[in-house]
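Biologist: Could you take me through one part of this model at close range, and then show me how that part sits in the rest of the chain? I would be glad of a connected account that I can follow residue by residue.

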Amino acid sequence: LGLALSLPPVVTAWGWGIGIPAWLGLLTVAAAALVLLLPHAPRTALRLGPVALLCAPFPALLG
């Protein structure tokens, strides 16, 4: 649900041509950061969940 709700603001800010690739790129960066963080600091990764929800709208504001 969160992923579905994160797409419209990015598409609104950057359009369909740039919005979807930028959205996929941001998802890739977030997933890579989580994969690298989980083996070393799993409790920190759990604490960053609410922070990630608060930061989610900011990429749409960059456009």
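Modeller: Happily! Let's begin with Ser6, which is placed in helix 1. Bear in mind throughout that this is a predicted model.

Is Ser6 buried, exposed or partly exposed? Its relative accessibility is 21%, and buried means under 20% while exposed means over 50%, so Ser6 counts as partly exposed. Its side chain has two partners to look at. One is the backbone oxygen of Leu3, which the side chain of Ser6 reaches at 2.8 Å. The other is the side chain of Trp23, joined to that of Ser6 by a polar contact of 2.8 Å. Trp23 itself is buried in helix 1, as are Val10, Val11 and Gly19. The Ser6 contact therefore links a partly exposed residue to a buried one.

How does helix 1 run between its ends? It covers residues 2-37, and with 36 residues a straight helix would reach 52 Å at 1.5 Å a residue. Instead, the end C-alpha atoms of helix 1 are only 21 Å apart. Helix 1 also has a bend of about 130 degrees at Gly15. For a view from Ser6, take Leu37: the two are 31 residues apart along the chain, and their C-alpha atoms are separated by 22 Å.

The start of helix 1 is worth a stop too. Gly2 belongs to this helix and, with 52% relative accessibility, counts as exposed. In space, the C-alpha of Gly2 is 8.6 Å from that of Leu53, although their positions lie 51 residues apart in sequence.

An annotation overlays part of this picture. In an unreviewed UniProt entry, residues 13-38 are annotated as "transmembrane region". In the model, that span is 96% helix and 0% strand, and its end C-alpha atoms lie 31 Å apart.

Moving along the chain, we come to helix 2, residues 42-55, where Arg43 lies. Arg43 has a relative accessible area of 65%, which makes it exposed. Looking back from there to Ala32, eleven residues away along the chain, the C-alpha atoms of the pair are 17 Å apart. Helix 2 has 14 residues and spans 20 Å from first to last C-alpha, close to the 20 Å expected at 1.5 Å a residue. Helix 2 does bend, by about 35 degrees at Gly49, and a proline, Pro50, follows within four residues.

Now let's step back to the whole chain. It has three helices and zero strands, giving the pattern α-α-α along the sequence. Its C-alpha atoms fill a box of roughly 35 × 20 × 20 Å along the principal axes. Of the 63 residues, 11% are buried. The accessible surface is about 4900 Å², and carbon and sulfur atoms account for 80% of that.

Finally, a word on confidence. The mean pLDDT of the chain is 84, with 90% of residues at 70 or more. Confidence is highest in helix 1, with a mean of 87, and lowest in helix 3, residues 58-61, with a mean of 66. Where pLDDT is low, the predicted coordinates should not be read in detail. Helix 1, where we began with Ser6, is the part with the highest confidence.

Conventions. Residues numbered from 1 in each chain as written. Heavy atoms only, no water. UniProt positions renumbered as here; feature names shortened; annotations may be inferred. Helix = DSSP H or I, 4+ residues; strand = E, 2+ residues; numbered from the N terminus. Buried < 20%, exposed > 50% of the residue type's maximum accessible area, 1.4 Å probe, protein only. Areas by Shrake-Rupley, 256 points an atom, 1.4 Å probe, with all protein chains shown as cover. Expected span 1.5 Å × (residues − 1). Bend = angle between axes of the 7 residues up to and from the residue. pLDDT = per-residue confidence, 0-100. Polar contact = N/O pair within 3.5 Å; in protein donor to acceptor, adjacent residues only side chain to side chain.
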